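Here are my notes on the model you sent, set out as numbered points. They begin with the charged side chains and then move outward to the chain as a whole.

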Amino acid sequence: MARRSETIELAVLGLLHEGPMHGYELRKRLNLMLGWGRVLSYGSLYPTLKKMLRGNLIEESTSTAVTVSRRPRIVYQVTEAGTREFERLMSEVGPAAWEDDNFDIRFAFFGRTDMEIRLRVLEGRRIRLQERLDRVQRELSMTEKEVDRYAAELQRHGVESVEREVRWLSDLINAERNLGQHGGAPPPDATAAPQT
C-alpha cells in the first residue's frame, strides 16, 4: 500500500508541474496514465492528496469558477518542496524505479529526466524483465507437459508480452545512446509504446 501511495504521489507531482488541477481532473488524468488495468478511486487519491498537503508538497486554493453545485472547487498546485521532491524521486535509479508499479509513471515524465538517469532506469527495467523472462521460459518448458493447452497458451502469451517489452526497451536504450552521441531527437518509432 505504501508503494502505491508513493507512485500516486509521483504522478500527482508530475501532473501538477503542468499546472494547477482540481481533484476530478487529477483523477481523470491519473487514470489515463495508469491505464485501464489500474483504475484509481477517489478513496485512493484523496488520502494521498491530504498526506501531500500535510507534507507541504502541494497546496490548495479555491477556484472562483461557478459550478453547478455552487460550491467552490478546490484546486491543487505544486509547491517548491513538491518540486524538489519530484526531482528527487525522478533521480532515483534503484529497483523501485523499474518495478511494474512505478516504471510506467516514471516513464511518462522521462522528458524531465537526465539522459543518464533514463538510461539506468531503462537498463534496470530490461534486466529485471529479462530475468523474469528466463524464469518463465524455464517454467514453461517444465510445465508444458503437465498443464492443459489453455494454461500453456496463457504462459506462452506472457512470454511473448515480456519478449516484446524487452525488445521495446532495447530500442529505447539504443535511441538514448544515439541521442547522447549525436544530439537531436530519437527516431519517432523508438519512443512508441510497446504493442500488447
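1. The feature I would look at before the rest is a network of salt bridges that links Asp 100, Arg 125, Arg 132 and Glu 165. Please keep in mind throughout that this is a predicted model, and that a search of the whole structure finds 14 salt bridges.

2. Within that network, Arg 125 pairs with Asp 100, and the closest N and O atoms of the two are 2.7 Å apart. The pair links distant parts of the chain, since Arg 125 lies in helix H7 (residues 115-143) and Asp 100 in helix H6 (residues 100-108), 25 residues apart. The two partners also differ in their surroundings: Arg 125 counts as buried, because its relative accessibility is 4% and the cut-off for that class is under 20%, whereas Asp 100 counts as partly exposed at 35%.

3. Arg 88 forms a salt bridge with Glu 85, with 2.8 Å between the closest N and O atoms. Both residues belong to helix H4 (residues 80-91), and because they are three residues apart there, about one helical turn separates them. Arg 88 itself has a relative accessibility of 40% and therefore counts as partly exposed.

4. A further pair is found in helix H8 (residues 149-182), where Arg 156 and Glu 153 are three residues apart and so are separated by about one helical turn. Their closest N and O atoms are 3.1 Å apart, and the pair forms a salt bridge. Both ends count as partly exposed, Arg 156 at 28% relative accessibility and Glu 153 at 44%.

5. As for the overall architecture, the protein chain has eight helices and three strands, and from the N terminus on these elements follow the order α-β-α-α-β-β-α-α-α-α-α. Among the contacts with a separation of 6 or more, 58% come from residues 24 or more positions apart.

6. Turning to the surface, 38% of the 196 residues of the protein chain count as buried. The chain exposes about 11,900 Å², and carbon and sulfur atoms supply 52% of this area.

7. On confidence, the mean pLDDT of the protein chain is 83, and 83% of its residues reach 70 or more. Confidence is lowest in helix H1 (residues 2-16), with a mean of 84, and highest in strand E3 (residues 74-78), at 95.

Notes
Residues are numbered from 1 along each chain as its sequence is written. This is a predicted model: local features need pLDDT of at least 70, side-chain atom pairs count only at pLDDT 80 or more; totals for chains, interfaces and linings use all residues. Side-chain values use heavy atoms; hydrogens and water are left out. Helices (H or I, at least four residues) and strands (E, at least two) are DSSP runs, numbered from the N terminus. Buried means under 20% relative accessible area, exposed over 50%, partly exposed in between (1.4 Å probe, protein chains only). Contact means heavy atoms within 4.5 Å. Accessible areas come from the Shrake-Rupley method with a 1.4 Å probe; for residues, only the protein chains shown count as cover. pLDDT is the predictor's confidence in each residue, from 0 to 100. A salt bridge is a side-chain nitrogen of Lys or Arg within 4 Å of a carboxyl oxygen of Asp or Glu.
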